[in-house]
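Reader: I would like a close look at one part of this model, followed by some of what surrounds the subject. Please keep it plain.

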Amino acid sequence: MRGFRKIISIFFAAGILSCTFRVSGDVTLAPGLLLRTDYSGHETSYLKSIIRQLDRYAREAGIKAASKEITIICGDGKYFGYFAKNRLYLPGTAPRWQYDFAFRSKLYAALAAHRFNFTLPDNSNGVAPWITKALDAELDAAASSGQYLFANRSFPMLYEFAGYYGTLPDFAAMCRLGGTDDPLLSAFIAEQGRILLRLLARDGKIKEVFENSTQGGEPDFFVTFHASADAAVEYYTKAAERLIWNQYRPMPGALAKIKLAELDIIFVQQLDNDGKPTGDYQECNWQQLAVILRKKRPDAYRLRGKLAAAYQNFGKFLTVEENRLCADVSAAARELGKNDRSDAAFDRALTTLKNAIDRRIKIDRFFRDTLLLNTPLPDKFPHLFEASLPRNRVMNDAERSFLIKTLNNYLQ
């Protein structure tokens, strides 16, 4: 019995020493990831910020991290990558990593391999430039206004672009431009890349994209998930709009009016004398649809439901109040064409929605004009000033000349 107690004491002491060693040396970054030494005092926080973002993608995609425990060893060593099955060597320290783009591409690849559970090739150059820029930007967003509320992470450049053009740049083209040194284009790529990574995570494709990228695959590999390049453009553009426009940052009023007008372009299948669909369609507006629905049709329920769903979905891009008004229009759409009273109710609901959007346009114009008159130009147009620098290629000579002339007039 005494011998048994002695053995238990030995194991207990060994356990205490083991725990003491880990606490004093290894720092837990996340389940399955340890850091041996925090040399500069910033390695722990920086690596944790990367892992948190990767884990957010992994949770969205339903990916489990690799089961093996990895210890990260950084410092003055020259080796990079996984060695001895449970060691990840990262030369240098956080201050160097944050200023070395090429190394960050490899760092993101190495950590993603563990969090997304795939094997990192020994000779990998890391992830594609657009992914590196996107992760850089997402970490910056997480450290600022989006630190505590995920909805605070916005896409201001794409918001303005989509508000003006009514669409977004080709995501595949953005990925192929990922290596540009132009600061303004890089900022644009980073913002669009942030959206794309979120969409890929939501679709459960984030692991495939990262793994392919670490193997030197095409930067726009995600296009292969769709029937064609055009199909990919349409899919990601529509999906991205739901991230850019919401109740926190609603669709600009001018564009909302255009989209609202498009909802009044309705296609209805024609019927033959026996009331059966012919396969031919006619274009109509809601008033004409109401007249068509006065007659008994086999697709009446579907037509009303489709119109109602269109307004319900449209409301998701608008303000909270406008979203409520869209719900009123949607409810009225389900009764459209039943009688004069139901048609009048739809008209009132739609008119109220249009008036609310018009009112927001006037308010937005007032605030924009006020800011334009009272905000210093460099603060109001920072990206325009960045584009005007001689080393950048996004502004042509005529545009640069106009900017300089405007500045001269402003500074007089």
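Is Thr180 buried or exposed, and what is its relative accessibility?

Author: The model is a predicted one, and what follows is computed from it. Thr180 sits in the loop between α7 (171–176) and α8 (183–202). Its relative accessibility is 12%. Thr180 therefore counts as buried, because buried means under 20% relative accessible area. The side chain of Thr180 also has a partner: it reaches the backbone nitrogen of Asp182 at 3.1 Å.

Two cysteines can be read by the same cut-off. Cys175 has a relative accessible area of 3%, and Cys326 has one of 0%. Both values are under 20%, so Cys175 and Cys326 are buried. As for disulfides, a pair of cysteine sulfur atoms has to lie within 2.5 Å, and the count by this rule is zero.

From buried residues we can turn to empty space. Rolling a probe the size of a water molecule over the atoms shows where such space is left. The second largest pocket holds about 450 Å³. Its lining consists of 17 residues, and Lys238, Glu241, Lys259, Leu263 and Phe317 are the ones nearest its centre. Three helices, α10 (229–244), α11 (253–263) and α13 (300–314), each give at least two residues to this lining. The largest share is that of α13, with five residues. Sorted by character, the lining of the second largest pocket has seven nonpolar, six charged and four polar residues.

Conventions. Residues numbered from 1 in each chain as written. Predicted model: local features only at pLDDT ≥ 70, side-chain atom pairs only at ≥ 80, totals over all residues. Heavy atoms only, no water. Buried < 20%, exposed > 50% of the residue type's maximum accessible area, 1.4 Å probe, protein only. 1 Å grid on protein atoms, 1.4 Å probe; cavity = no way out; pocket = protein on both sides within 12 Å on 5 of 7 lines; lining within 4 Å. Points joined across faces, edges and corners; volume = space filled by probe spheres on them. Helix = DSSP H or I, 4+ residues; strand = E, 2+ residues; numbered from the N terminus. Nonpolar A, V, L, I, M, F, W, Y, C, P; charged D, E, K, R; others polar. Polar contact = N/O pair within 3.5 Å; in protein donor to acceptor, adjacent residues only side chain to side chain.
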